[in-house]
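Visitor: Hey, I've got a model open and I'd like a quick tour. Can you walk me through it?

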Amino acid sequence: MTPVLYRVEARHQELADTVTIRIAPIAGQLADPKPGQFEMLLAFGVGEVPISISGLGNGSGELEHTIRSVGAVTKALCTTAVGDVIGVRGPFGVGWDLDRATGHDLLIVAGGLGLAPLRPAMLEALTNRHRFGRLVLLVGARDPGSLMFVRELEQWRGRFDIDVAVTVDAAPPSWRGDVGVVTKLLSRAPVDFGNTTAVVCGPEVMMRFVAAGLADRGVPPGQILLSMERNMRCAIGHCGHCQLGPEFVCKDGPVFPWDRMEKLMLVRER
Amino acid sequence: MKSIRDLLGEHLLFRDFHPDLLELMAGCGHNVHFAAGEQILTEGAPANEFYLIRSGKASVGVTVPNRGTVLIETLGPDEVIGVSWPFPPYRWEFSSTAIDPTSAIAMDAECLRNKCDQEPLLGYQVFKSFARLMRDRLQATRLQLLDLYGNHAG
Ligand SMILES: Cc1cc2nc3c(=O)[nH]c(=O)nc-3n(C[C@H](O)[C@H](O)[C@H](O)COP(=O)(O)OP(=O)(O)OC[C@H]3O[C@@H](n4cnc5c(N)ncnc54)[C@H](O)[C@@H]3O)c2cc1C
Ligand code: FES
């Protein structure tokens with residue numbers, strides 16, 4: 001699969017090391033992605049990395065990606081300017097299966113950058129609000145200055161039909177919000193745990209504790225969905241780079257239910 | 001109006017307790033309300049009363065030289081303010097302040113310590129509940145220490 005050329009239409013500096021870029025196809029267009037899927041973004045001359053979709057273009061062909069600069073490729077992507085051209089392959093993987101949550105309470109739990117792949121799920125849930133019981137978003141961040149999508153979070157918080165709770169690991173005395181790890185918010189989440197579908201994204205350790213905490217409270221393990229991040233190369237199930245036990249994260253995932261992931265998450269990345 | 005015994009039975013910490021034990025504990029409790037900004041516990045002060053939050057939100061902090069009070073966590077409904085009361089020298093290790101108007105059941109610590117000594121079943125249940133609570137707090141603290149959301153790229 002050869003990369004299709006996309007142009008950077010807009011960029012927004014979320015945090016010192018994190019940027020959201022909106023890209024539009026120059027010629028040709030990839031299939032419309034679903035929430036939770038990812039694409040391989042190519043910075044010419046540097047390399048290619050998997051990046052989740054953080055915003056869908058609603059049929060316009062435009063897409064958003066939120067990228068944290070951790071190495072050569074992500075740094076190149078984060079420093080692209082409006083008008084720059086990148087290559088895109090995708091969309092890949094299975095997304096968040098929100099159909100599973102129809103008729104249930106839907107609990108969305110994000111840690112740090114994990115809010116980016118969950119943002120399209122949140123937007124889809126809001127578009128189809130009637131399909132779910134209670135809708136709850138729990139967000140954990142390092143500190144108040146590390147919160148992303150702040151304007152949207154504030155908008156969602158102001159709605160009557162969803163519950164949003166934000167907690168930070170560390171805060172200055174002026175912060176009036178919650179302090180503590182995101183797992184602490186679970187017991188206060190206003191959902192019927194036995195009748196809840198949870199979608200979770202964040203660092204693996206955080207997802208492990210959240211999933212275990214949800215299972216303890218009675219959420220069926222098959223209804224707890226996590227998005228795994230493992231190193232990738234081909235993204236189409238050929239190279240074996242992303243293999244985790246019997247699963248290929250690139251094509252069987254990156255979203256997996258907890259009953260399939262619980263033991264595999266103890267497998268260290270190669 | 002609900003009795004202290006009923007309220008204790010509704011609190012997450014004591015929800016599974018036998019009604020007789022709830023009855024026994026109820027004599028140590030009374031209702032309290034804190035206004036936003038009111039100090040609830042003071043670091044170093046005697047641990048005379050701890051609080052089972054019913055509604056509202058409180059902060060827990062510790063005084064660090066040159067940095068003032070550093071926030072450690074916030075506590076809300078079904079959580080407990082004060083976990084040093086069962087252990088000598090019965091002094092608070094952290095301070096706590098109400099962030100929002102907060103209602104709680106105040107438990108007289110000495111009264112409950114005495115009852116736990118006299119009635120081993122109550123003592124066992126109370127200490128088991130507090131051990132679990134402290135395990136949860138230890139686990140949360142460890143996760144906080146990991147700085148999970150930091151950018152750890154080399
Ligand atoms: C399915 C999937 C979805 C992803 N979605 C996003 C996304 O939406 N936004 C985003 O910013 N990133 C996302 N990532 C992670 C992203 O792919 C990596 O950060 C990227 O591959 C790093 O490439 P690099 O060349 O910049 O850094 P490298 O030179 O490969 O690595 C530099 C340093 O970063 C560390 N590193 C590499 N990968 C990660 C990682 N995943 N997390 C933390 N540290 C890492 C390395 O150990 C090394 O220390 C996703 C990964 C997967 C598998
Ligand atoms: S990235 Fe090649 S098999 Fe998954």
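Visitor: To start, how many salt bridges are there across the interface of chain B and chain A?
Guide: This is a predicted model, and the rule finds 6 salt bridges across that interface. One pairing is Lys184(A) with Glu73(B), whose side chains meet at 2.9 Å, N to O.

Visitor: And which elements of chain B supply at least two residues each to the side that touches chain A?
Guide: That would be β5 (68-75) and α4 (120-145) of chain B. Strand β5(B) gives the most, with 6 residues.

Visitor: What's the class mix on that side of chain B?
Guide: There are 11 nonpolar, 7 polar and 5 charged residues on the side of chain B that touches chain A.

Visitor: OK, and how many residues are in contact overall?
Guide: 23 residues of chain B are in contact with 28 residues of chain A. Together the two chains bury about 2,200 Å², with 54% of that on carbon and sulfur atoms.

Visitor: How many residue pairs are in polar contact between the chains?
Guide: The count is 14 residue pairs, with both residues at pLDDT 80 or more.

Visitor: Switching to pockets. How much space is in the largest one?
Guide: About 1,300 Å³. It is lined by 38 residues, and the closest to its centre are Arg68(A), Val70(A), Leu113(A), Glu229(A) and Arg230(A).

Visitor: Which element gives the most to that lining?
Guide: Strand β4(A) does, with 5 residues. The elements of chain A that each supply at least two residues are β4 (47-52), β6 (63-68), α2 (115-127) and α5 (204-216). By class, the lining of the largest pocket has 19 nonpolar, 13 polar and 6 charged residues.

Visitor: What about the second largest pocket, which residues lie nearest its centre?
Guide: Residues from both chains: Ser187(A), Arg217(A), Leu12(B), Arg132(B) and Asp136(B), out of 29 that line the pocket. The volume of the second largest pocket is about 920 Å³.

Visitor: Which elements are behind that lining, giving two or more residues?
Guide: From chain A you have α4 (183-186) and α5, and from chain B there is α4. Helix α4(B) gives the most, with 7 residues.

Visitor: How many charged residues are in that lining?
Guide: 13 charged, alongside 11 nonpolar and 5 polar.

Visitor: Any closed spaces worth a look? How many cavities of 30 Å³ or more turn up?
Guide: A search of the whole structure finds 3. The largest cavity has a volume of about 50 Å³.

Visitor: Which residues line that largest cavity?
Guide: Chain A brings Asp169(A), Val181(A), Val182(A), Thr183(A) and Met206(A), while chain B brings Leu143(B), Leu148(B) and Tyr149(B). By class, that makes 6 nonpolar, 1 polar and 1 charged.

Visitor: Now backbone oddities. Is the peptide bond from Gly90(A) to Pro91(A) cis or trans?
Guide: It's cis, with omega near -5°. Pro91(A) is in strand β7 (residues 85-92) of chain A.

Visitor: And in chain B, which residues does a cis peptide bond join?
Guide: Pro88(B) and Pro89(B), with omega about 5°. You'll find Pro89(B) in the loop between β6 (80-81) and β7 (95-98) of chain B.

Visitor: Last one: is phi of Ala235(A) positive or negative?
Guide: Positive, near 70°, in a residue other than glycine. Look for Ala235(A) in the loop between β13 (224-227) and β14 (243-244) of chain A.

Key:
Residues are numbered from 1 along each chain as its sequence is written. Chains are lettered from A and ligands numbered from 1 in the order in which they are written. Side-chain values use heavy atoms; hydrogens and water are left out. Contact means heavy atoms within 4.5 Å. Buried area is the accessible area (1.4 Å probe) that two parts lose on being put together, summed over both. A salt bridge is a side-chain nitrogen of Lys or Arg within 4 Å of a carboxyl oxygen of Asp or Glu. A polar contact is a pair of N or O atoms within 3.5 Å; within protein, one must be able to donate a hydrogen and the other to accept it, and residues adjacent in sequence count only if both atoms are side-chain atoms. Helices (H or I, at least four residues) and strands (E, at least two) are DSSP runs, numbered from the N terminus. Ala, Val, Leu, Ile, Met, Phe, Trp, Tyr, Cys and Pro count as nonpolar, Asp, Glu, Lys and Arg as charged, and the others, Gly among them, as polar. On a 1 Å grid over the protein atoms alone, a cavity is a set of points where a 1.4 Å probe fits but cannot get out, and a pocket is an open set with protein on both sides within 12 Å along at least five of seven lines; lining residues have an atom within 4 Å of a point. Grid points are joined across faces, edges and corners, and a volume is the space filled by probe spheres set on the points.
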